[in-house]
Amino acid sequence: MAPDLDSRLSAIIRSLEEVILPAIDENHKPAREQAHLCLVNLRIMSEQYRFIYHLALAELDLFQKMLEDLSGLARHNINADLRERVDACLSGARRGLRIPGFDAVDGMARECRELTDEILKLPSLHGDPATWREVSRLVLEHSRKEEVMRRSWMAGAGLEPHPGSLPSIAEIVSAVTE
C-alpha cells in the first residue's frame, strides 16, 4: 500500500530542507530562491490539500449565488439557450451539494480496510473449500482493482513501465464522483 499523502509530503519537505537546500551553492541565489519557493508551496499544499473539495464546493456555491443574482437582473436579455443552461446550473439537483470532509472519507476507507481484515480472519471462511475459493476470488478481484488505482496514482512519478496502459485518475474516480 502506498504511503498516505501526509507522509509523502513530509518526506519531500524534509528532503528539501535537509539534503537539497544545503547542497545548493550559497552563491547560486536563483536556485536557492526556487528551492525555497518549492518548499513554501509544499508546506501550503500539506496544510491545505484536505480542503480542495470543500474549496470547490465553496466556489460552486459562490458562483451559483452570483449567477442567480446576475441572471435575475438580466432576465429579459437572456436567450432561451442561455436561460436553459443557467436554470440547469441553478437547479435543485446541484444546489446544496455537500460531501464529507477528507478526514471523514479517509477514516471510512481505513475502517473498511480494517473490517475487511477482520472478516478475512474469521475461521468460518477457512473451513469450507467452496467458500474459501469464493473468498480468494473476491480478494484477487479487488486487489487487482486496487493495484491499478495505486499504479495510476503513481504513474506520474515516471517509474511505471507502461503508463499508457493504465486508466487516468480522473477515469478511476469518475466511478464514484458522477
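Me: What is the relative accessible area of Glu17?

Reply: The structure is a predicted model, in which local features need pLDDT of at least 70, side-chain atom pairs count only at pLDDT 80 or more, and totals for chains, interfaces and linings use all residues. Residues are numbered from 1 along each chain as its sequence is written, and side-chain values use heavy atoms, with hydrogens and water left out. Glu17 counts as partly exposed; in this scheme buried means under 20% relative accessible area, exposed means over 50%, and partly exposed lies in between (1.4 Å probe, protein chains only). The relative accessible area of Glu17 is 35%.

Me: Which residue forms a salt bridge with Glu17?

Reply: A salt bridge requires a side-chain nitrogen of Lys or Arg within 4 Å of a carboxyl oxygen of Asp or Glu. The partner of Glu17 is partly exposed, because its relative accessibility is 33%. The N to O distance in the pair is 2.0 Å, and the residue that meets Glu17 is Arg43.

Me: How many residues apart in the chain are Arg43 and Glu17?

Reply: Helices are DSSP runs of H or I with at least four residues, strands are runs of E with at least two, and both are numbered from the N terminus. Arg43 belongs to helix 2 and Glu17 to helix 1. The pair thus links distant parts of the chain, and the separation is 26 residues.

Me: In the salt bridge between Arg32 and Glu26, which residue is buried?

Reply: The closest N and O atoms of this pair are 3.5 Å apart. Glu26 has a relative accessible area of 54%, so Glu26 is exposed. Its partner has a relative accessibility of 17% and therefore counts as buried: Arg32.

Me: Why are Arg150 and Glu146 separated by about one helical turn?

Reply: The side chains of Arg150 and Glu146 meet in a salt bridge with an N to O distance of 3.4 Å. Arg150 is partly exposed at 28%, and Glu146 is partly exposed at 32%. The separation is about one turn because, within helix 7, the two residues are apart by four residues.

Me: Which element gives the most residues to the largest nonpolar core?

Reply: A nonpolar core is a set of buried Ala, Val, Leu, Ile, Met, Phe, Trp, Tyr and Cys residues joined through side-chain atoms within 4.5 Å. The largest one has nine residues, among them Leu9, Ile13, Leu39 and Tyr49. Helix 1 and helix 2 (29-48) are the elements that give two or more residues to this core. With four residues, the element that gives the most is helix 1.

Me: Which residues does Ile13 contact, leaving aside neighbours within four places in sequence?

Reply: Ile13 is one of the residues of the largest nonpolar core. Contact means heavy atoms within 4.5 Å. By that criterion, the partners of Ile13 are Leu39, Leu42, Arg43 and Ser46.

Me: Is Ser152 buried or exposed?

Reply: Ser152 is found in helix 7 (residues 129-154). Not counting residues up to four places away in sequence, Ser152 touches Leu166, Pro167, Ile169 and Ile172. Its relative accessible area is 8%, so Ser152 is buried.

Me: How far apart in space are Pro163 and Ser152, C-alpha to C-alpha?

Reply: Pro163 lies in the loop between helix 7 and helix 8 (169-177). Pro163 counts as partly exposed because its relative accessibility is 43%. In sequence, Pro163 and Ser152 are eleven residues apart; in space, the C-alpha to C-alpha distance is 7.5 Å.
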